[in-house]
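Visitor: Hi there, could you walk me through this one?
Guide: Happy to, let me put it on the screen.
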Amino acid sequence: MQQLARPTAIQLLHLEDSTLDHDIVRQALRRAGLACELTRVESLDGFVQALSRGHYDAVLADYRLPGFTALDAWQAMQGIPALRWPPPFILLSGAIGETAAVNAIQLGMSDYLLKDDLGKLAHVIQRAIEVRQAQRERELAVEELAASEQRLARFAEHLQSSIEQERAAIAREIHDDIGGSLAAIQFDLSWISRHHSDPETLTHVQAATEMLRHAIGASQRIMMNLRPAILDQGLYAAIDWLAREFERRTGIRTTLRAILHDPDMRRDLQLTAYRTAQEALTNISKHARCSEVRIELSDGEGVLTLEIADNGQGIAAEEREKPRSFGLKGLQERARTVGGWLDISSRTGAGTSITLSVPLSPQSHPGLVEEA
């Protein structure tokens, strides 16, 4: 017949100067059926050494001991480097007032019990251990969540950087390959128009030239969207170009007001602001149904601030919380990569305002990388 496994004994450290009281506690726990091992220490140094060298599930401590109190012991326990999670600390005394007991609990001790009420001791110990275990699990969960968020932030930063590098590479290919081919076609069409006088041929040449002009304009626009070389002229010039192109393409009146004092702003901040404005204007053109867009750009009080506001239909709360609403979430993650944040204010029928704020002081963020 298979034997049942014996329960693991609870390790208890008993801070008590009375051998008699220690034996009474041991007997009370034995009568309660609590599987435990009780180790007694009576000095503050012995208490600290025991906790530093061994593992204990809980501490039982008399309140008044020769030369120190349980409060001194509790404070000493908090300073032991080896104890990442100090065990629950239970006051067990025959001479402690209610005020002292309440103060001890407020300091962080788990519980207190009078020595003439030892029948409850086993239950108090088990409850204190369960509460401390729940606290540890909660702290571990919080730590894991924070670590997961950090990993996610680093991944988002790497992803944004990779996207910018890929955009720059595609823009170069368009410029070098497609741009070169379009230029060659333009030279050939010019040669044909100079060396042929046939009206029908010239009509086709003219039509092809017009289509080529559109293709060149489209390739330049695509290159600009992929790699905003206009940022070399400064953030204001880049945002102004976005605003004018948006107004020309959509017919929506767009105004830009900018007050910038720092012409040498970090490239990653400029790129983040540019991409935020680009994505916001794209969303407005698709969803806002507005007649006016207002853009404000400033770097006052050590913070780069970009606000894009429209007078459109707004964004319903359920739309913003959709799992696949990656546009706004992507902007928020991009802001975090440079140590900033994104605020979204919207009411149905009253328009939407998107505000990017980024401190201009150096941050512990490497920022986005864009290849030249």
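Guide: We'll talk about one strand and its partners, then some backbone angles.
Guide: This is a predicted model, where local features need pLDDT of at least 70, side-chain atom pairs count only at pLDDT 80 or more, and totals for chains, interfaces and linings use all residues. Residues are numbered from 1 along each chain as its sequence is written, and side-chain values use heavy atoms, with hydrogens and water left out.

Visitor: Great. How many residues of β12 are buried?
Guide: Eight of the eight in β12 (residues 352–359). Buried means under 20% relative accessible area, exposed over 50% and partly exposed in between (1.4 Å probe, protein chains only). Strands here are DSSP E runs of at least two residues, and helices are H or I runs of at least four, numbered from the N terminus.

Visitor: And which residues sit on each face of β12?
Guide: T352, I354, L356 and V358 are on one side, with S353, T355, S357 and P359 on the other.

Visitor: Which strands does β12 pair with?
Guide: β10 pairs with β12 in the antiparallel sense over eight bridges, and β11 (residues 341–346) does so, also antiparallel, over six. Pairing requires at least two DSSP bridges between two strands. T305 has S357 as its bridge partner, while S346 stands opposite T352.

Visitor: New topic: what is unusual about the phi of R289?
Guide: R289 has a positive phi of about 55° without being a glycine. Most residues other than glycine have a negative phi. R289 is in the loop between α8 (267–288) and β9 (292–298), and is exposed at 73% relative accessibility.
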